[in-house]
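Here's a quick briefing to read with the model open next to you. Start with the overall picture, then work through the topics in whatever order suits you.

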Amino acid sequence: MTDAMLTRHPDVGAIRVSGNSMLPALQPGDIVLYDKRRPVVEPGAVVVFHDAIHRAIWVEPRVAVWELGDANAQLPVRRAWSEIDGVAFVFLREGRWESRRPRSGRLLAKVTARAAALYQWSRLRGLLTAKR
């Protein structure tokens with residue numbers, strides 16, 4: 001089965017995982033089907049960008065997504081909304097379809113909590129220092 005055979009619907013894209021940044025949730029060779037219509041992106045969703053497949057850590061709706069690969073040890077990266085190709089909804093590994101999101105473990109919970117705190121602090125700081 002080729003990747004082109006998987007994408008007969010115009011709102012569905014398919015991409016083959018080639019890197020290790022999402023291990024163990026996604027492995028090289030897995031096929032990810034994603035919704036091209038840009039549905040609501042939620043923290044924890046696997047997002048397909050122009051150049052990567054990573055997990056959404058923090059979302060600024062219709063503005064930006066803070067993303068990070070599950071296996072990456074660096075800080076989340078802010079990506080413009082326009083860089084999103086879609087949101088993953090099905091994964092194919094070794095001939096079996098998985099319709100749930102791959103789990104990210106404790107890292108997502110820790111990073112999400114920290115990102116939320118930093119974001120709220122930056123907004124509060126901006127409000128306190130804004131000229132009126």
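**The big picture**

About 8400 Å² of the protein's surface is accessible, and carbon and sulfur atoms make up 55% of that. Keep in mind that this is a predicted model. The protein has 132 residues, and 39% of them count as buried.

**Layout of the chain**

- You'll find 2 helices and 8 strands in the protein.
- Reading from the N terminus, the order of elements is α-β-β-β-β-β-β-β-β-α.
- Take the contacts in the protein with a separation of 6 or more: 52% of them come from residues 24 or more positions apart.

**Arg79 and its partners**

- Arg79 is a good place to zoom in, as its side chain forms a salt bridge with Glu67, with the closest N and O atoms 2.9 Å apart.
- Arg79 sits in strand β6 (residues 77–80) and Glu67 in strand β5, so this pair ties together parts that are 12 residues apart in sequence.
- Arg79 and Glu67 are both buried.
- For Arg79 the relative accessible area is 8%, and since buried means under 20%, that residue counts as buried.
- Arg79 also meets Glu83 in a salt bridge, at 2.9 Å from N to O.
- Glu83 has a relative accessible area of 26%, so Glu83 is partly exposed.
- Which residues are linked with Arg79 in a network of salt bridges? They are Asp51, Glu67 and Glu83.
- There's a ring to look at here too: the charged end of Arg79 sits over the ring of Phe49, 4.5 Å from the centre of that ring.

**Other charge pairs, and a blank for aromatics**

- As background, side chains of opposite charge can pair when their charged atoms come close.
- How many salt bridges does a search of the whole structure find? The count is 9.
- One of the salt bridges joins the side chains of Glu98 and Arg96, with an N to O distance of 4.0 Å.
- Glu98 is partly exposed at 26% relative accessibility, while Arg96 is exposed at 53%.
- If you were hoping for aromatic pairs, a search of the whole structure turns up 0.

**Asp35, a buried acid**

- Asp35 belongs to strand β2.
- Is Asp35 buried or exposed? Its relative accessibility is 12%, so Asp35 counts as buried, the cut-off being under 20%.
- A polar atom of the Asp35 side chain lies 2.9 Å from the backbone nitrogen of Arg37.
- Leaving out residues up to four places away in sequence, Asp35 touches Asp11, Asp85, Gly86, Val87 and Phe89.

**Backbone spots worth a look**

- Some context first: most residues other than glycine have a negative phi, and most peptide bonds are trans.
- The peptide bond from Leu23 to Pro24 is cis, with omega near 0 degrees.
- Where is Pro24? You can find Pro24 in the loop between β1 (12–16) and β2 (31–35).
- Arg62 is not a glycine, yet it has a positive phi of about 60 degrees.
- The loop between β4 (53–60) and β5 (64–68) holds Arg62.
- Arg62 is exposed, with 57% relative accessibility.
- Arg62 and Val41 are 21 residues apart in sequence, and their C-alpha atoms are 9.1 Å apart in space.
- Glu94 is another non-glycine residue with a positive phi, in this case about 50 degrees.
- Glu94 lies in the loop between β7 (84–93) and β8 (96–98).
- The relative accessible area of Glu94 is 72%, so Glu94 counts as exposed.

Key: Residues numbered from 1 in each chain as written. Predicted model: local features only at pLDDT ≥ 70, side-chain atom pairs only at ≥ 80, totals over all residues. Heavy atoms only, no water. Phe/Tyr/Trp six-rings, centres within 6.5 Å; stacked < 30°, edge-to-face > 60°. Lys NZ or Arg CZ within 6 Å of the ring centre and 35° of its normal. Helix = DSSP H or I, 4+ residues; strand = E, 2+ residues; numbered from the N terminus. Buried < 20%, exposed > 50% of the residue type's maximum accessible area, 1.4 Å probe, protein only. Contact = heavy atoms within 4.5 Å. Areas by Shrake-Rupley, 256 points an atom, 1.4 Å probe, with all protein chains shown as cover. Polar contact = N/O pair within 3.5 Å; in protein donor to acceptor, adjacent residues only side chain to side chain.
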